[in-house]
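Q: Please take a close look at one part of this model, and describe it together with what surrounds it.

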Amino acid sequence: MSVDILYLQNEITKAEERKRKGEELKDTAKRESEEARKIAEEAKRGLQAVKEQAATIIKEAEEATRQAEYARREAEEHLERGIPPEFQPTEEDKRHFRKQYGIQVDKINIAITGASGTGKSSFINALRGLSPGDPGAASAGFDETTEVIQGYADPRHPNIVWYDVPGANTPRIRGWTYFTHQGLFVFDVIVVLFCDRFTETVGTLISNANKCSIPSFLIRTKADQLIRNMRDDAPSSMSDEAVRELVIKNTRKMAGVNLRRLQLPDQRVYIVSKEAMKKWVVAHELSASSVDEMEFLQDILPPTDAVLTVTTRVP
């Protein structure tokens, strides 16, 4: 075999080897290209997932911000209207205030509450048959005389303790914090007094008492003053009894309207005066200014302590 033939065969072999290696490189490039494509697609999908996750987080953050803003506005509105934030006392809260006020489990502990100036201390004295200055009487006056909650035993009903609660809507005691800050959730009964207007504080006290399953009584005080004022404004031809009935009618209408406006259950409003209450407690007599004093005591005191029923009205 000639040298030329051997040379050609050798070149052909080399060419075939180069072709084989080229095919291998081509296959390797294809595989790497495919892997790179898969990696790119996976990265793209990952990037899309990250984008979608980021969009979800942004949406949730925007919703949280919206809810927070709504809660802030609602809280500000409630604060302006005298409505307290939702509050559920803990057992520790209850133990604290029971100890602070000396709550006795074998007594009926009744809190007399309301805005400053509604006559709470005078009302407690009347309930106990006392006048200001009598031994054991609660301090009463035109100023904010009650600064801390004070319990007063009832001399005629040993199982009753009346608690004089400082008035709400003062610089020291804001109406919307009144129920919670005074720990009124530890009392067995809550009596809510108002005099002139049925305020948001009145509604808040009744609402919170309902939420805590505490019986509440709604009282409009100073009935004698209300009747005298109505007498001054009424036509001279209107009888005193007609004036009295008008005060009763207007008071019950006002209470009903405000209870419905505040979305509270309807309940009776008692109309009383301290003088008529004391006269009934001491002598079991109704005066000309008496309205609901007897009924109130019959409803709030236990059956065994029910007062006598009379049908005469003493001037």
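A: The answer below takes the sheet as its part, and then turns to the helices and loops around it.

The model is predicted: local features are given only at pLDDT of at least 70 and side-chain atom pairs only at pLDDT 80 or more, while totals for chains, interfaces and linings use all residues. Residues are numbered from 1 along each chain as its sequence is written, and side-chain values use heavy atoms, with hydrogens and water left out.

The protein chain contains 9 helices and 6 strands. Both kinds of element are DSSP runs numbered from the N terminus, helices being H or I runs of at least four residues and strands E runs of at least two. Of the 315 residues in the chain, 38% are buried; buried means under 20% relative accessible area, exposed means over 50%, and partly exposed lies in between, with a 1.4 Å probe and protein chains only. The accessible surface of the chain is about 19,000 Å², and carbon and sulfur atoms account for 54% of that. These areas come from the Shrake-Rupley method with a 1.4 Å probe, and for residues only the protein chains shown count as cover.

The sheet is open and has 6 strands in the order S2-S3-S1-S4-S5-S6, with mixed pairing. Strands S2 and S6 stand at the edges with a single partner strand each, so one side of each has no neighbour in the sheet. On average, neighbouring strands are turned by 25 degrees against each other, direction ignored. Helix H5 (residues 200-211) packs on this sheet and touches S1, S4 (189-194) and S5, its direction making about 170 degrees with that of S4. Contact here means heavy atoms within 4.5 Å. Axes are lines fitted to C-alpha atoms, for helices over the stretch in contact, and angles run from 0 to 180 degrees between N-to-C directions.

Within the sheet, strand S3 (residues 157-164) is mostly covered, with 6 of its 8 residues buried. Strand S1 (residues 108-114) pairs with S3 in the parallel sense over 5 bridges; two strands pair if DSSP finds at least two bridges between them. Alanine 111 has tyrosine 163 as its bridge partner in S3. Strand S2 (residues 150-154) runs antiparallel to S3, also joined by 5 bridges. Here alanine 153 has valine 161 of S3 as its bridge partner. A hairpin of 2 residues connects S2 to S3. In a regular strand the side chains alternate between the two faces of the sheet.

After strand S5 the chain passes through a loop to H6, and lysine 222 lies in that loop. Lysine 222 has a positive phi of about 60 degrees although it is not a glycine, and it is partly exposed at 25% relative accessible area. Helix H6 (residues 223-233) then packs against helix H7 (residues 240-261) at about 115 degrees, with the axes 9 Å apart. The contact involves Leu226, Ile227, Met230 and Arg231 of H6, and Asp240, Val243, Arg244, Leu246, Val247 and Asn250 of H7. By type, the contact residues are 6 nonpolar, 1 polar and 3 charged. Ala, Val, Leu, Ile, Met, Phe, Trp, Tyr, Cys and Pro count as nonpolar, Asp, Glu, Lys and Arg as charged, and the others, Gly among them, as polar.

The loop between H7 and edge strand S6 (269-271) holds glutamine 263. Its phi is near 60 degrees, again positive in a residue other than glycine. Glutamine 263 counts as exposed, at 74% relative accessibility.

Helix H3 (residues 120-127) includes serine 122. In H3, 8 of the 8 residues are buried, so the helix is largely enclosed by the rest of the structure. Serine 122 is buried at 15% relative accessibility, and it touches Ala140 and Lys274, not counting residues up to four places away in sequence. After H3 comes glycine 129, with a positive phi near 70 degrees.
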